[in-house]
Amino acid sequence: MSFYTRYAECCKQKNIAPVSQEAADKLGCSKSNISFLARNGNMPKGEIVAGAAKMLNVSADYLLELTDLPAPLQSDGDISASLQAALLLFRELNPDGQTAALAMLKGLSLQDTFKA
């Protein structure tokens, strides 16, 4: 995978054409710059990575393939692998799915069998 591949996947999820004037304006570059990244798989300048992360609401680390978590976690400490996996799955749900997942978790948390 490359920066452009992750960038394009995130654009698709946000209904943004990866090589478009809208994207170029938000990234602070030209459409030809984005096309060049798509063709050659080169690493973009930091400003473009930062613009893409802001536009797509994901971490720059995710776009640079330093993590598989799309957005930075707001945590004071380390989190378990299962919590990371749950967060990734949760982010894939639409708002109705997220509401249902939270309701299910609340129900499970009320049962002594599942309490920590």
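Which residues does S20 touch, not counting residues up to four places away in sequence? In this predicted model, S20 is found in the loop between helix 1 and helix 2, and the residues in question are K31 and I34. With a relative accessibility of 12%, S20 counts as buried. One of its partners, I34, is also listed among the residues with the most contacts inside the largest nonpolar core, and the description therefore turns to that core, whose members are by rule buried and joined through side-chain atoms within 4.5 Å.

The largest nonpolar core comprises 22 residues. Those with the most contacts inside it are F3, Y7, L27, I34, M55, L56 and L63. Two or more residues are given to this core by each of helix 1 (3–13), helix 2 (21–27), helix 3 (31–40), helix 4 (46–56) and helix 5 (60–63). L27 illustrates how these elements meet. When residues up to four places away in sequence are set aside, L27 touches Y7, I34, E47, I48, G51, A52 and M55.

Helix 1 contains the buried residues F3, Y4, R6, Y7, A8, C10 and C11. The cover over these residues includes helix 2, helix 3, helix 4 and helix 5. Among the buried residues of helix 1, F3, Y4 and Y7 form one aromatic cluster, and the count of aromatic pairs comes to two. In the pair of F3 and Y7, the ring centres are 6.0 Å apart and the planes stand at 10 degrees, so the pair is stacked. F3 and Y7 are separated by about one helical turn, because they are four residues apart in helix 1. F3 counts as buried at 4% relative accessibility, and Y7 is buried with a relative accessible area of 2%. The rings of Y4 and Y7 have their centres 5.7 Å apart, and because their planes stand at 55 degrees the pair is tilted. Y4 and Y7 are three residues apart in helix 1, so about one helical turn separates them. Y4 has a relative accessible area of 15% and is buried, since the limit for that class is under 20%. A further aromatic ring is approached by a charged residue of helix 1: R6 lies over the face of Y62, at 4.1 Å from the ring centre.

The aromatic cluster also takes part in helix packing. Two packed helices are described by the angle between their axes and the distance between the axes. For helix 1 and helix 3, the angle is about 120 degrees and the axes are 8 Å apart. Helix 1 and helix 3 are therefore oblique to each other. Their contact is made by F3, Y4 and Y7 of helix 1 together with I34, L37 and A38 of helix 3.

In helix 4, the buried residues are I48, V49, G51, A52, A53, M55 and L56. Helix 1, helix 2 and helix 5 are included in what covers them. Of these buried residues, I48, G51, A52 and M55 are touched by L27, and M55 and L56 are listed among the residues with the most contacts inside the largest nonpolar core.

Two asparagines deserve separate description for their backbone angles. Most residues other than glycine have a negative phi. Helix 1 is followed by N15, whose phi is positive, near 55 degrees. N15 is placed in the loop between helix 1 and helix 2, and at 71% relative accessibility N15 counts as exposed. Just after helix 4, N57 takes a positive phi of about 55 degrees, although N57 is not a glycine. The place of N57 is in the loop between helix 4 and helix 5. N57 counts as exposed, at 58% relative accessibility.

A last site concerns helix 7 (residues 95–109), in which A101 is placed. A101 is buried, with a relative accessible area of 17%. Setting aside residues up to four places away in sequence, A101 touches F90 and L93. A101 and F90 are 11 residues apart along the chain, and their C-alpha atoms are separated by 7.6 Å.

Conventions:
Residues numbered from 1 in each chain as written. Predicted model: local features only at pLDDT ≥ 70, side-chain atom pairs only at ≥ 80, totals over all residues. Heavy atoms only, no water. Buried < 20%, exposed > 50% of the residue type's maximum accessible area, 1.4 Å probe, protein only. Contact = heavy atoms within 4.5 Å. Phe/Tyr/Trp six-rings, centres within 6.5 Å; stacked < 30°, edge-to-face > 60°. Lys NZ or Arg CZ within 6 Å of the ring centre and 35° of its normal. Axes fitted to C-alpha atoms, helices over the stretch in contact; angles between N-to-C directions. Parallel < 35°, antiparallel > 145°, perpendicular 65-115°, else oblique.
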